[in-house]
There are 2 protein chains.
Amino acid sequence: MLTGVINKMLTDRQLFLLQLLVNDYVVSAEPVGSRSIAKRDDVHFSPATIRNELADLEEMGFLEKTHLSSGRVPSEKGYRFYVDHLLSPVLLTEDEVGNIRHAYRKKFSEKEELIRVTAQVLSEFTNYTAIMLGPELMDMRLKHIQMVKLNQTQGVLIIVTDTGHVENKTVTFPKSIRAEDIEKIINILNDKLENVPIYRLQARLNKEISNVMRLHIRDYNRVMNMLQESLTMDDPEQIFCSGKNNILVQPEFQDVNKIISLLNVLEGKEIVHEIMSMPATGLHIRIGRENKLNGIEDCSLITTTYSMGGEHLGTVAVIGPKRMAYPRVVTLIDTVSKILSENLTK
Amino acid sequence: MLTGVINKMLTDRQLFLLQLLVNDYVVSAEPVGSRSIAKRDDVHFSPATIRNELADLEEMGFLEKTHLSSGRVPSEKGYRFYVDHLLSPVLLTEDEVGNIRHAYRKKFSEKEELIRVTAQVLSEFTNYTAIMLGPELMDMRLKHIQMVKLNQTQGVLIIVTDTGHVENKTVTFPKSIRAEDIEKIINILNDKLENVPIYRLQARLNKEISNVMRLHIRDYNRVMNMLQESLTMDDPEQIFCSGKNNILVQPEFQDVNKIISLLNVLEGKEIVHEIMSMPATGLHIRIGRENKLNGIEDCSLITTTYSMGGEHLGTVAVIGPKRMAYPRVVTLIDTVSKILSENLTK
DNA sequence: AATTAGCACTCGGATAGATCGAGTGCTAAC
DNA sequence: GTTAGCACTCGATCTATCCGAGTGCTAATT
């Protein structure tokens, strides 16, 4: 049991009641009244007493009422206190752990697939929305570059990074170019650009490569233009999102307009920035307005990271209503991100 | 003007009224009454006359009432007749054509991007949902295969098809294998598998390659297993979907449960099958229950195809409510698919 | 014979009370 | 410090009523 030292302002009983109330509200989605609390077996005082305590908790800003004579609902401050001090991690049942492991039973030949499946598992088991951010292109380095000719004028330029990520661009080469030239170009690129960070490719191309190219390749300008274009990386990172619709069944989103605006937020790029703005290490929770992004004021965001061979790779996020099953989600996101890291590492 | 010969059952005036009514209902989303039709400048008969005509049209099954004393709404048969005989194609304004062209102004280095943008344009200009099906893997042939080693035990296997599509798989190779071996394997594969249809890769691997491999490669069994796995193609095709949320603002989807089930359908695989079940050539419209797929009984599906250099490549689809702006969508989907084909071809 | 004016009728949607119940705060008794 | 009792509040639900936009049918008009 918790002792009152956590916060001088709150008595043990108040802590206890706050915890009960949040737990209750999280499952019922209805304002919690004193009577319903008093009915519990582990509560040994009367509704009137509870009313007094709740009134105090409200005065301190941990609880709110939806109208003058309604039951209480946790405020954001209440949730914050709850997740900081009252969160008792929940154990998954053996069945659940089994089911999760089961989802990873098959062999994954594409890393993307593994990440996608993780998003799926997480959204399914939490019943909220899961978003996975892959490694940022910023952090990747070039491993290998390759050109496959499709026909006389077109080819596919394939760029593989050290993390195993593959980008491909269709290019149209100048007619004047010869097959040997293409090979030469690719060789030069591989030679000079290996291990260069992806975001520096273009700069390096201009600085160091251009001289060598000029010597060896005819029609130098056109080729450089072509390469210039192909080495532009626009997508900052890969994103997988699963269970976008889960959140809609929550009673707080019965309003069609809310649904539309939330879905738009989930599909926009801003949500990615919001997630990236979370601390890059450990598990973090942002509740309601703590999120800077407009449109998710009624949501909470929980994030943690995953890695490959110890190296930070990306972020796992779960978005649900403020009224979220925090203990369960915290456990799940932690478990799943570990499983993902294991799978990526081996 | 249309003449009555189209269908012996309907007089010119009935055709005219049916067209008016559909046009009106499509924009208003409200049952159309005789009075509101009579008020139009181009209508020269009284509400009573119109009521008689509408009653006849209803008897013939082209119209419906939502309740005993409501105005009329087109039935599915009514829509069907409308799109078959009364659809007058609409011209886009110069502004619109300009805006569409504008969306394609930038150079596309990835074919996928071009298709994605097309989905976006289409959903934006129709205000419905656009779905693009890429070329089926079935129809592709192997152009080139390539292995990039990431470290001692892992590599990325890259598969390029004749259409310029790139698949990549992360593989873990047996420790015993040597660098030269890998090169040898890839050479054998490229040699023997070029131009083989993607879906036959595995079969060919077993039949013709296995002998050659056995001769040249040590640790034959493990290598074969690895390749076996890597050449499994699970995704039948690429899919781009844009504007999933557009459809939700339509008044027929004010019900949250309808929204959820529709979104689930749009995200599922069945919708792809539904689209693939459309005739593979020309423009086609399926109205409401004409769609076999459960969950889109209240929607209409319009599809056409796009191509690259004359060769059929994929399908463009728009999903909206039955009460759809058919003339506009038909024009748009037609225009856009042509622009896409042009862009792919050049 | 076709059209239209007139009229009774239907039904959904909006509005206004009435009622109910779950909740509160406060006071006084325990 | 706790609790029983009570007056009070407010959302939710139900009912009754009214209104308007629509219909079908009949009889008069063109």
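Which residues does A:Glu53 touch, not counting residues up to four places away in sequence? In this predicted model, A:Glu53 touches A:Thr11, A:Arg13, A:Gln14 and A:Leu17, where contact means heavy atoms within 4.5 Å. The side chains of A:Glu53 and A:Gln14 are also joined by a polar contact of 3.3 Å, a polar contact being a pair of N or O atoms within 3.5 Å, of which, within protein, one must be able to donate a hydrogen and the other to accept it, with residues adjacent in sequence counted only if both atoms are side-chain atoms. A:Glu53 belongs to helix H3 of chain A, helices being DSSP runs of H or I of at least four residues, and strands runs of E of at least two, numbered from the N terminus. With a relative accessible area of 10%, A:Glu53 is buried; buried means under 20% relative accessible area, exposed over 50%, and partly exposed in between, for a 1.4 Å probe and protein chains only.

Residues are numbered from 1 along each chain as its sequence is written, and chains are lettered from A and ligands numbered from 1 in the order in which they are written. Because the model is predicted, local features need pLDDT of at least 70 and side-chain atom pairs count only at pLDDT 80 or more, whereas totals for chains, interfaces and linings use all residues, and side-chain values use heavy atoms, with hydrogens and water left out.

The surroundings of the DNA were examined strand by strand. Around DNA strand D there are 19 residues, of which A:Ser46, A:Thr49, A:Ser69, B:Ser34 and B:Arg72 come nearest; a residue is near a strand or molecule if one of its heavy atoms lies within 4 Å of it. Of the atoms of DNA strand D that come within 4 Å of the protein, 79% belong to sugar and phosphate. A phosphate oxygen of this strand lies 3.0 Å from a backbone N or O atom of A:Ser46, and a phosphate oxygen of DNA strand D is 2.7 Å from an N or O atom in the side chain of B:Arg72. A base nitrogen of DNA strand D is placed 3.2 Å from an N or O atom in the side chain of B:Arg51. Helix H3 (47-59) of chain A and helix H3 (47-59) of chain B each supply at least two residues of the surface near DNA strand D, and the largest share, four residues, comes from H3(A). By class, this surface has four nonpolar, 10 polar and five charged residues, where Ala, Val, Leu, Ile, Met, Phe, Trp, Tyr, Cys and Pro count as nonpolar, Asp, Glu, Lys and Arg as charged, and the others, Gly among them, as polar.

For DNA strand C, A:Ser34, A:Arg72, B:Ser46, B:Thr49 and B:Ser69 come nearest of the 19 residues around it, and sugar and phosphate make up 80% of the strand atoms that come within 4 Å of the protein. An N or O atom in the side chain of A:Ser34 is 2.6 Å from a phosphate oxygen of DNA strand C, while a polar backbone atom of B:Ser46 is 2.9 Å from a phosphate oxygen of that strand. The side chain of B:His67 has an N or O atom 3.4 Å from a sugar or linking oxygen of DNA strand C. H3(B) gives the most to the surface near DNA strand C, with four residues.

Chain A is assigned domain 1 (4-86), domain 2 (94-136 + 237-345) and domain 3 (140-230), with bounds from an automatic or database domain assignment. The centres of domain 1 and domain 3 of chain A, taken over C-alpha atoms, are separated by 63 Å. The largest nonpolar core has 57 residues, and A:Ile37, A:Ile100, A:Tyr104 and A:Tyr326 have the most contacts inside it; such a core is a set of buried Ala, Val, Leu, Ile, Met, Phe, Trp, Tyr and Cys residues joined through side-chain atoms within 4.5 Å. Domain 1 and domain 2 of chain A both give residues to this core, so it lies between them. A second, separate core of 56 residues includes B:Val26, B:Phe81, B:Met132 and B:Val329.

In chain B, B:Leu201 lies in helix H8 (residues 201-216) and, at 0% relative accessibility, counts as buried. Leaving aside neighbours within four places in sequence, B:Leu201 is in contact with B:Leu142, B:Leu193, B:Val196, B:Leu231 and B:Met233. A:Asn195, in the loop between helix H7 (179-193) and helix H8 (201-216) of chain A, counts as partly exposed at 47% relative accessibility and has a positive phi near 75 degrees.
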